[in-house]
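Visitor: I would like to learn how to read strand pairing, burial and salt bridges in a model such as this one. Could we begin with the strands and work outward from there?

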Amino acid sequence: MQVLGNATVAIMEGETAGYRLAAGTSIAIDGDRIVWVGPDAELPAAYGNAPSRDLEGRLVTPGLIDCHTHIVYGGDRAREFEMRLEGAGYEEIARAAGGILSSVRNTREASEDELLALALPRVDTLLAEGVTTLEIKSGYGLDIASELKMLRVARRIGTLRPVHVVTTWLAAHALPPEFKDDRAGYIARVVIAGMDQGHAEGLIDAVDGFCEGIAFSVAEMVRIFAHAKTLGLPVKLHAEQLSDLHGAAMAAEHGALSADHLEYLGADGVAALAKAGTVAVLLPGAFYTLRETQYPPVQALRDAGVAIALATDSNPGTSPLTSLLLTMNMGATLFRLTPAECLRGVTINAARALGLTDRGVVAPGARADLAVWNVRHPAELSYRIGFNPLHTRIFGGRNV
């Protein structure tokens, strides 16, 4: 048992887009759970003898949640980044062995230990900014052995670091060269067969896909989602990033936890997300890196009451971003989200995007995953650029 006192707590309330700041607040923690939150002067006598810590008015938020990452991969794509800036086009980069297939090649060639060693510094950077829950996708192996290797590394990260890792099967990310003339074969023999194997091994928490003209069609994703349903696995979808294929509406009809990117989301997609309660996950890092000009329909999502989350989309090609605080600033600056929407986007709404109901809030019964900040107001978390004001990260009731 312990008590955190004299805190300024950001209280998330209901389905609104904001929060309530509660100064002079105490938080009682028993094990890995919050058991009481209220004014310092009203702390129940049952907690009066517990070890206490004066937070001196510092801001306390839920631990941050990065609900969309591809943080396990081999190699990097820095030279490709340089080539684009020097004027190289897609074909020239491809001839130089760039693009997603370079990440596939490097990921296939790397051992589990090598992938782990590459991923841990990226993970540690996120944890140092208050992240306590992290989603990690496969998707750079594109064969069963390599996809499962990525998810085994993701599980190991959760045992080696004080963070909760949620794994996502994303074999439907791109078509590998060996299946370039056999799309149906790839879906059957890798995406679906690998899903069965990964599920049997306990490696998969959810199933995702990239629904786009350069990736997989709505019809192909329907087949993949149908199989996920037979295994009891929740689904989510990369949708409407480059065009409007109405993938988000399809995902919502299948009860998807989230639809992610959404720059080209149309009115039908917004309505479908609202009806299904599917979270819209916006990824400003990819928008920034690709220098996109099509903005996601933020106001339409607001008007429809769709929950909006933010995530880094950390990956080697289109969002080499490992800062959720910078993601919040980008969400505010690029997408015109309010600081309150940004904070909810990396806490309560990000938890919803992962199907997690026991975190993302500072409330009795929630996990004691907290971030203590050297600031007094949450707007500072979105306002500053390149500055980390974290004072303490609390994971499962432990200072880490």
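Guide: Let us start with one pair of residues: Val372 has Thr392 in β15 as its bridge partner. Please keep in mind that this is a predicted model. The bridge just named belongs to a larger pattern, in which β14 and β15 pair in the antiparallel sense over four bridges.

Visitor: Which strand is joined to β15 by two bridges?

Guide: That strand is β16 (residues 398-399), which runs antiparallel to β15. Within this pairing, Ile394 stands opposite Asn399 in β16. The hairpin of β15 and β16 has two residues between the strands, and Gly396 takes a positive phi near 60° there.

Visitor: How many of the six residues of β15 are buried?

Guide: Five of them are buried, and strand β15 (residues 390-395) is accordingly described as mostly covered. As a general idea, side chains in a regular strand alternate between the two faces of the sheet.

Visitor: Where should I look for strands that pair in the parallel sense?

Guide: Turn to β7, which pairs in the parallel sense with strand β6 (residues 64-66) over three bridges, and with strand β8 (residues 164-172), again in the parallel sense, over five bridges. To find these pairings in the structure, you can use Asp66, whose bridge partner in β7 is Leu134, and Lys137, which stands opposite Thr168 in β8.

Visitor: Why is β7 said to be largely enclosed by the rest of the structure?

Guide: The statement rests on a count of residues: seven of the seven residues of strand β7 (residues 131-137) are buried, so the strand is largely enclosed by the rest of the structure.

Visitor: How would I read a helix in this way?

Guide: The count is read in the same manner for helix α12 (residues 324-335), where nine of the 12 residues are buried, so this helix is largely enclosed by the rest of the structure. Among the buried residues of α12 are Leu324, Met328, Gly331 and Phe335. The ends of the helix deserve a look as well: Ser323 caps the N-terminal end of α12, with a side-chain oxygen 2.9 Å from the backbone nitrogen of Leu326, and α12 is followed by Arg336, whose phi is positive, near 65°.

Visitor: What should I ask about a salt bridge once I have found one?

Guide: Ask how far apart the atoms are, where the two residues sit along the chain, and how accessible each of them is. The side chains of Arg367 and Asp32, for instance, meet in a salt bridge with an N to O distance of 3.7 Å. This pair links distant parts of the chain, 335 residues apart, with Arg367 in the loop between α14 (348-353) and β14 (370-373) and Asp32 in the loop between β2 (19-30) and β3 (33-39). Arg367 is buried, at a relative accessible area of 12%, whereas Asp32 is partly exposed, at 32%.

Visitor: Which residues are linked with Arg367 and Asp32 in a network of salt bridges?

Guide: The network also includes Arg33, Asp358, Arg359 and Asp369.

Visitor: Where else can I practise this reading?

Guide: Take Arg302 and Glu341, whose side chains meet in a salt bridge at 2.7 Å, N to O. Arg302 lies in helix α11 (residues 298-304) and Glu341 in helix α13 (residues 339-345), 39 residues apart, and the pair links distant parts of the chain. Here Arg302 counts as partly exposed, at 29% relative accessibility, while Glu341 is buried, with a relative accessible area of 12%.

Conventions
Residues are numbered from 1 along each chain as its sequence is written. This is a predicted model: local features need pLDDT of at least 70, side-chain atom pairs count only at pLDDT 80 or more; totals for chains, interfaces and linings use all residues. Side-chain values use heavy atoms; hydrogens and water are left out. A salt bridge is a side-chain nitrogen of Lys or Arg within 4 Å of a carboxyl oxygen of Asp or Glu. Buried means under 20% relative accessible area, exposed over 50%, partly exposed in between (1.4 Å probe, protein chains only). Two strands pair if DSSP finds at least two bridges between them. A polar contact is a pair of N or O atoms within 3.5 Å; within protein, one must be able to donate a hydrogen and the other to accept it, and residues adjacent in sequence count only if both atoms are side-chain atoms.
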